[in-house]
Amino acid sequence: MSRRRHSDGDDGGQSHKRRRTSEPIEIEDRLESLICRVGEKSTSSLESNLEGLAGVLEADLPNYKNKILRILCAVARLLPEKLTVYTTLVGLLNARNYNFGGEFVEAMIRQLKETLKANLYTEALYLVRFLSDLVNCHVIAAPSMVAMFENFVSVTQEEDVPQVRSDWFVYVVLSSLPWVGKELYEKKDVEMDRLLNQIDGYLKRRLKTHVPMLQVWTAEKPHPQEEYLDCLWSQIQKMKKDRWQERHILRPYVAFDSVLCEALQHNLPPFTPPAHMPDCQYPMPRVVFRMFDYTDAPEGPVMPGSHSVERFVIEENLHNIVKSHWRERKTCAAQLLSYPGKNKIPLNYHIVEVIFGELFQLPCPPHIDVMYTTLLIELCKLQPGSLPQVLAQATEMMYIRLDTMNTTCIDRLLNWFSHHLSNFQFRWSWDDWADCLTMDADKPKPKFVKEVLEKCMRLSYHQRIVDIVPPTFSALIPADPIFFYKYQDEANSALPGYAVAITVGNAIKNRASNEEILTVLKDVPNPNQEDDDDEGEGFNPLKIEVFLQTLLHLAAKSFSHSFSALAKFHEILKALTDCDEGKLHILRVVYEVWRNHPQMISVLVDKLIRTQIVDCAAVANWLFSPNMAHEFTRFYVWEILHSTIRKMNKHVQKIQKELEEAKEKLEKQQHKKQKDSGDEEDMEKNSEDEEGLLEEQIDRLQEKVESAQSEQKNLFLVIFQRFIMMLTEHLVRCETGSVDFNTPWYKNCIERLQQIFLMHHVTIQQYMGTLENLLFTAELDHHILAVYQQFCALQL
Amino acid sequence: MSIKLNALFSDSYVDVSQYRDQHFKGNRYEQEKLLKQSNTLYVGNLSFYTTEEQVYELFSKSGDVKRIIIGLDKVKKTACGFCFVEYYTRADAENAMRFVNGTRLDDRIIRTDWDAGFKEGRQYGRGKSGGQVRDEYRQDYDPARGGYGKVVARP
């Protein structure tokens with residue numbers, strides 16, 4: 001006997017329900033699916049699919065018009081890589097139903113206003129581009145599009161607005177021209193010329209202070225890293241010279257010309273760009289990343305030139321594909337490799353260039369770094385005969401150009417390369433890089449190889465690294481990550497504190513209590529004091545040394561062992577590091593014992609901060625201290641510093657969120673009180689108590705937020721002060737010695753300063769006033785001040 | 001303007017798999033809920049020699065790791081080829097599901113899956129011999145996982 005059990009996943013019971021009440025929803029889902037999927041791989045041609053879909057939608061208009069409008073607006077906004085497919089569809093619908101075309105245009109304008117209001121500038125850009133391509137589909141009349149563009153460009157005449165505002169409006173116009181330039185010029189050449197002249201004037205007078213900070217390479221050769229508007233302008237000018245010929249964009253509407261040119265067009269309503277408001281957040285300026293040109297792709301189709309409009313369109317589309325599918329690497333890779341028109345271009349080169357362009361983008365990549373690593377691996381799987389070679393070629397090129405690569409980008413490159421290698425058994429032709437062996441260790445190339453090998457070791461183990469590189473590379477192999485115990489053997493018995501170290505070690509092994517251990521530690525003399533009248537309160541570096549060295553030695557087996565040790569003896573550690581000097585010393589001891597194992601140092605420092613044994617400022621001071629000067633250019637130092645800053649930021653955000661939530665709760669409470677007033681006394685009293693408690697909580701949280709923000713500001717001040725001191729010292733020394741200041745150390749240091757600004761720009765914005773008044777004043781050496789000024793120019 | 005076009009922007013790497021821990025204390029509904037909120041991942045197909053350090057390095061690429069618990073043979077108390085990785089935030093764990101799952105660690109393709117949360121005792125293999133169940137019955141020779149499966153090794 002079987003009983004039908006109606007559990008959650010039971011289709012049998014549910015589907016009846018679904019069929020009866022959910023038909024419209026099913027149809028709406030189907031419409032969404034049909035519209036979203038048009039243009040994908042199909043047995044029929046794109047034209048016949050579009051024709052068919054237009055017929056289906058036309059039939060559904062009476063019942064589902066609003067849904068269809070919303071879906072079409074959404075694809076216009078979210079699927080820019082399929083722009084022309086959807087504009088063709090809208091064109092066909094407009095030809096069949098003029099009113100629908102008009103309603104669609106209205107809906108688009110509404111959406112445009114909304115996206116601008118919501119600071120969604122990229123989506124707004126795609127909407128405008130869509131509208132402009134609708135001119136090609138005879139949906140929108142060319143003169144009204146030109147009028148909209150004229151209104152956009154008039155923003156360049158506004159005064160007292162951020163440059164990034166007028167930049168955006170100019171960019172929108174220029175970046176639509178590859179699609180619609182020809183048509184607009186044919187209809188309104190006088191107006192278009194005037195428009196372009198205005199743009200030219202604007203581009204000539206706009207400031208480009210921000211550019212050096214955003215360039216991946218500082219060198220002009222082999223490929224200049226151009227400011228994005230300058231590059232696009234060159235591309236449009238070239239297109240104009242070519243009489244607006246554009247050969248790359250797929251234009252399905254051309255096949256339907258006979259149908260579309262019968263359609264009546266709509267005029268865009270006059271569109272005034274919304275005024276600038278203080279909380280508007282315009283997109284940041286960019287530098288165009290180029291690493292390949294036509295000489296790099298040896299056979300097959302030629303790569304379009306850097307100032308060709310085709311190059312622009314290809315890069316836009318590939319970036320948009322990544323934007324749409326980054327969460328699903330298989331889909332993303334497949335979509336990239338099935339790019340329409342791929343047979344006419346060296347697609348693998350474009351893909352690799354676009355991916356590295358995003359990975360190296362300053363200030364930050366659009367998506368998490370590891371996504372790009374996995375995407376490239378997926379692409380290698382799908383194109384095993386061609387993509388790995390392009391990737392190897394790219395890696396080689398980037399190695400050769402390390403001297404002028406921005407330090408932040410070198411960081412990302414070595415992270416990518418080591419992780420990539422770990423997926424391919426670390427196979428690489430290291431001998432090709434033998435030139436780095438004869439260079440000074442502080443030069444970019446040997447440094448890069450050294451850091452790569454260190455990262456590779458973290459993903460494997462020491463002996464593996466020894467095995468994978470030729471013996472000639474032994475100087476660059478990372479150190480064996482062993483522990484250095486000061487009180488290791490009897491040879492060290494003369495060291496002060498040795499005896500106590502042994503005793504403490506035994507005590508820990510015998511599970512002595514914290515009190516017992518503290519008693520043992522009382523016997524450690526304090527080298528900072530002359531006499532013994534102080535009971536051991538205050539900073540005793542030797543005590544810290546003896547205890548921590550011994551503890552970490554006993555726990556050296558693994559991260560977990562060390563973390564347990566820190567947790568178990570938290571009380572003692574807190575007692576020993578009550579003051580700033582104590583905190584600093586703990587970090588010094590951690591470095592001493594684990595100096596061959598930077599990864600361990602990293603995770604221990606992380607734990608010490610999280611368990612509040614040291615604070616963030618202590619870590620910053622330690623990393624900048626003279627003891628660590630010889631490590632200053634090592635990658636792990638900056639990993640630790642940035643991780644520390646991030647922890648501080650997250651801490652502040654967390655408390656701010658708690659404060660917000662408490663405030664919301666109070667508001668709700670007060671609303672409820674208003675509604676319920678007149679109820680019994682008891683309830684009123686209870687709600688008053690609750691309110692009182694909430695208000696207290698809010699006060700406490702407010703204090704906490706202020707204190708956390710103060711700590712955060714202090715952290716940045718410490719860091720910037722240290723940078724300024726070090727750099728100034730170096731510059732002065734070089735000047736007095738008449739030596740070139742631009743040493744590898746200097747390049748590293750000044751770019752690390754830049755990196756602080758770039759990686760934490762959102763947080764630093766809040767403290768600009770203080771920074772400018774206290775630190776980045778006019779008296780500063782202009783080399784250092786330039787970094788600050790470039791940062792300000794980003795108008796982030 | 002709020003259409004999300006679910007048809008298109010799927011995020012399938014983040015989906016919960018079919019596996020359910022049969023030893024879970026609680027009902028199916030509770031388990032589902034925990035899985036959907038979890039910051040903890042189960043990681044499988046590790047080599048017995050893969051260290052906590054290696055797991056840290058790889059999984060840190062998707063965010064700050066809160067802790068790692070290496071899976072142990074119940075009898076020998078040595079690593080037996082799996083571990084748990086707990087993140088501070090769900091978002092970081094999701095990125096691991098999207099970008100670390102299915103890639104290599106120590107030359108092996110590892111697999112990650114949502115876990116309802118570490119509880120004491122779950123760090124031990126549940127196979128009869130003390131390791132993982134999958135190593136009881138497999139027929140192939142895997143030098144990084146103790147050689148042959150136990151059913152082959154035992155005559």
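A salt bridge, as I use the term in these entries, is a side-chain nitrogen of Lys or Arg within 4 Å of a carboxyl oxygen of Asp or Glu. I keep in mind throughout that I am reading a predicted model.

**Entry on charge pairs.** I looked up the salt bridges between chain B and chain A, and the count came to five. One that I noted by name joins the side chains of B:Glu57 and A:Lys455, with 3.0 Å from N to O, a distance that falls within the 4 Å cut-off.

**Entry on polar contacts.** I then turned to polar contacts across the interface of chain B and chain A, where I found 17 residue pairs, both residues of each being at pLDDT 80 or more. On chain B, the elements that each supply at least two residues of the side touching chain A are helix H2 (52-59), strand E2 (65-72), helix H3 (90-99) and strand E4 (104-105). H2(B) gives the largest share of that side, six residues. Sorting the residues of the side of chain B that touches chain A by character, I recorded 14 nonpolar, nine polar and 11 charged.

**Entry on extent.** How many residues of each chain are in contact? I noted 34 residues of chain B against 49 residues of chain A. The two chains bury about 3900 Å² between them, and 52% of this area is on carbon and sulfur atoms.

**Entry on chain A.** In the UniProt record, an unreviewed entry, I found the annotation "domain: MIF4G" for residues 28-240 of chain A. I looked up this span in the model and noted that it is 77% helix and 0% strand, with its end C-alpha atoms 44 Å apart.

Definitions and conventions
Residues numbered from 1 in each chain as written. Chains lettered and ligands numbered in written order. Predicted model: local features only at pLDDT ≥ 70, side-chain atom pairs only at ≥ 80, totals over all residues. Heavy atoms only, no water. Contact = heavy atoms within 4.5 Å. Buried area = accessible area lost by both parts, 1.4 Å probe. Polar contact = N/O pair within 3.5 Å; in protein donor to acceptor, adjacent residues only side chain to side chain. Helix = DSSP H or I, 4+ residues; strand = E, 2+ residues; numbered from the N terminus. Nonpolar A, V, L, I, M, F, W, Y, C, P; charged D, E, K, R; others polar. UniProt positions renumbered as here; feature names shortened; annotations may be inferred.
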